Structure formats: C-alpha cells, structure tokens
Amino acid sequence: MGLESVGDLALHIILAKLGPEDIARVACVSKKFRSSASEDSLWFRVCSQDLCVTNPVDPLGNPVPSFKVTYQIWREAFLMYPWSLVKRVKRCWDRIKTWLANNFPEAEATLCKGASEDEIQELEDALKVKLPLPTRILYRFQNGQEFTSEHLANSTLDSSLGLIGGYSFYNHSVNVYLLPLNQVMLETEQIVRHLGFSRRYKYIVMAASSTNSEKLFFLNCTDGQLYVGTRNLATDGKMIPCVPHDLISLGHGLNGDQQQDAMLLWLEEHGRRLQNGTIKLREEGNVRSISLFPEEPPLCSTAVTNGVEVRASAVFIPELADHLDDREKYLFSYSIHMSLQPQGCVINRKLFNSCQLHRRHWLIRADDVVVSDVNGEAVIGEFPLLYPGDKEFVYQSCTPLPTPSGSIEGSFTFVPGSLANPEGSPFEVTVARFPLQLPDYVF
C-alpha cells in the first residue's frame, strides 16, 4: 500500500522497467496506477522495443489515437499466434522493407498490405492445405507483390522488381517475385495439377519469375520445406530444397521462437544478404533489379593487375539443373566485372590511358579436377576497351558441372592502348579463383 505515496516520476521509472504484461497488471491495482500505466510515453517505449513501431499505426499502417491503443490492436490482431513468432516475422519484414526503402523504393511499392485471416482461410479451403504457422504470419504482414497498371504497361519494369531478384546470361533471364495469395491459388491450381503432384504432399506455388524464363518455388505445406523446380520438373517432378532440412521445425508443442518453416528462414537469409551487401542492385540501362551474384568475399574474388581490376562470382541456376545428365548435372552462371583504375594502366612504371581485352583463358574445376581448359578470343563476342574511371564492363556467362562444387580461375590478355593502335606488348590480367557451389540456401 505504500506505493500509493510514491511520486509520479518514481512510479514512471518503475513502470518503464516492466514489460507490457506487467504494466497491464499494475494498471488493475488502483486509479492512480491505471493513470500512470496509461501514459503514452510509456507505451511508445513498449511499441518501439517490442515491435520496432515508432508511429501509432495498426498492422496495416492505418493511424490510431495513441501508442497504448497501437499495442492493444497489434496484440489483438495476432492473438491466435505465438507473440514471439509474430515479433520475429515482423523483424524479418522490417529488415527487407528498410533495405528496399533505402535502395529500391520502386520494388517496395509493389508489396501488398497484409492478408486477412479470411483471405488465408479462403486459400486453405480452395487448395485443401494448411499453411505452416510462420508462412501464415508472413502473409499477415505482406500479401506478396502486385504490379500496378503502370508496371504492366512497362514490361521491362514489371520484370525487374522482384523481391528475390535474379540474373541473366545469354537469352536466359530470371527475376523472382513473391506471389500474392490470389495468384498463389491460380498458379497452384494450374501448375501443381498439371504436374500431377500427390495431394498428400500439399505443394503450393509461392514465388515465380516474372520473365519469360520459368522459375517456380513450391512450399510443401506438410513438412514446411520450400523447393525450386529443375529442368526435369515437367517430366518427373524433380525439385531441389531451398533451405537446410534440419533447420525446419514445426509442431504444436514448440515454443513460438522455435517454430520456423522454410519460407521464414529463406526470407530471413535473403534479408541478411541484402543488408550486409552480399547481394546488391544491378543497373542496366535505366532498369534496376536485385542481382543474385554475390558481391562480397569469399563468394566473390577480386584481383588487380597493372591497374586492371577484375571481380568475379557465380550463382547456381537450379531451374536448368538436370539430374539425368551425369556430365552436366549442375549449371552455374558467372558474372565478371572489369574496370581500369583511376591512375590508368601501369606497366613497368609506364602509364597508359587505355587498354583493350584480346583473349581469355579459363580453368574450370569440378571439385579439384580440371574439367575444362578454355582459350579463346573476346568475351561473349566483345573486346571491351577500358578507360580510367569509366563505368566497369560487366558480362555474364555460364558453365555446367558434373558435381555440386568446383571453381573457376584464369586470366585475360590485354593490350595497352587498343587492338587497333597497340602502345605496348600484351599483358596478362589475373582472374582470381572463385567458387562454384550448390548453396545451403537456394534463391
């Protein structure tokens, strides 16, 4: 009873050290405590710490009168879910959306508001599935991506805004986006039934490429794994898991934090890669997109020779993997960036203002065995001419492997000046070894 005599400031300090449940209990003790426990500054701290919400808004972004009401609405909206899992899913989306807002706002604009419980139930009834709990909550926050009439009128823009991103080489171009629930139903009914999947496995289509090159991701609602189709998908249903199986844990007996399906793990990993710079935006012409080629070591190599810098990395191409072909079971695309540093080309202390590629030499290994030794002129039919400080020359190519891991290394032969007007003898530019490997997380 002595607490009734505690001053307002001291009481506020005490309440500020409590969690939201304890604050609510204190409010039931007396009118004075109820008044102190209703201060909005107190609930601002709760919302910012518990939910990372710094404006009084509901889960759909609509404004509400106060932070206390904000917290009440959030708890009521997700009352049927473990609160710790709700907070984890929100952190996942916050990481992705913050990166998009800072780097790729045109893609963030395609994210749909969260789905309702009725919309999720409609999908489950139509497809006769039960979504894993983490996936349900993911869609409660963001109902996939939807392209506006402006995007649809501009097919190039439409095909570049995928949340997951992609790659292109030769005539193969992929850009993966997250499907909204209405499209999940349409695609699943068309594709899964066409492929003849057993109803027992409960596959639904969750993500797809918006380009002409097909790439499909399937969630198995029974075991929570996410799969991507291979070249053999249409003939024998062959798919590759996208997340390590042993990380998936579902079940009613687990605590909220312990429940995780492949969709949540996959998007969390994607958010980490965006945030730490492993993958970045690529701009080609006036079109920007998320590139899945790694930009950081150890997956990306960098070497500088006589002022010429070469960066190289590779990505696994699951949709073209062929488990029936022992010699070319795995396909990798690699991306090469080359540029001339600001000081220009330096050979034996002599400066040149330009240099031009003439030849390439590759050593391609499957595990540690050389399976291809390539010598030839040009790269993808081009002889890039480099100048100091110019935009880097970037190209993509591909190579098959019989094994899930290997590497590429090699060199380019450059001529100082240009091929038409050489100013010195040819020199070799190193391409440091970079890995080819089937990753734990497949995007």
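Let's start at one pair of side chains: K90 and D94 are joined by a polar contact of 2.7 Å. Bear in mind as you look at it that this is a predicted model. K90 sits in helix 6, which covers residues 83-103.

The same lysine has a second polar partner to find. Its side chain reaches the backbone oxygen of L51, at 2.7 Å. If you set aside residues up to four places away in sequence, K90 touches L51, C52, V53, W74 and F141. L51 therefore appears twice in this picture, as the residue whose backbone oxygen is reached and as one of the residues that K90 touches.

Is K90 buried or exposed? K90 has a relative accessible area of 8%, and because buried means under 20%, this lysine counts as buried.

Now step back from K90 to the whole protein. Here you will find 14 helices and 21 strands, and the C-alpha trace spans about 90 × 55 × 45 Å along its principal axes. Of the 443 residues, 50% are buried, and K90 is one of the buried residues.

How do the contacts spread along the chain? Taking those with a separation of 6 or more, 63% are between residues 24 or more positions apart.

Finally, turn to the surface and the charges. The protein exposes about 20,800 Å², with carbon and sulfur atoms supplying 50% of that area. There are 41 positive and 52 negative charges, and the mean positions of these two sets lie 5 Å apart.

Conventions
Residues are numbered from 1 along each chain as its sequence is written. This is a predicted model: local features need pLDDT of at least 70, side-chain atom pairs count only at pLDDT 80 or more; totals for chains, interfaces and linings use all residues. Side-chain values use heavy atoms; hydrogens and water are left out. Helices (H or I, at least four residues) and strands (E, at least two) are DSSP runs, numbered from the N terminus. Buried means under 20% relative accessible area, exposed over 50%, partly exposed in between (1.4 Å probe, protein chains only). A polar contact is a pair of N or O atoms within 3.5 Å; within protein, one must be able to donate a hydrogen and the other to accept it, and residues adjacent in sequence count only if both atoms are side-chain atoms. Contact means heavy atoms within 4.5 Å. Accessible areas come from the Shrake-Rupley method with a 1.4 Å probe; for residues, only the protein chains shown count as cover. Lys and Arg count as positive and Asp and Glu as negative; His and the chain ends are not counted. The place of a charge is taken as NZ of Lys, CZ of Arg, CG of Asp or CD of Glu.
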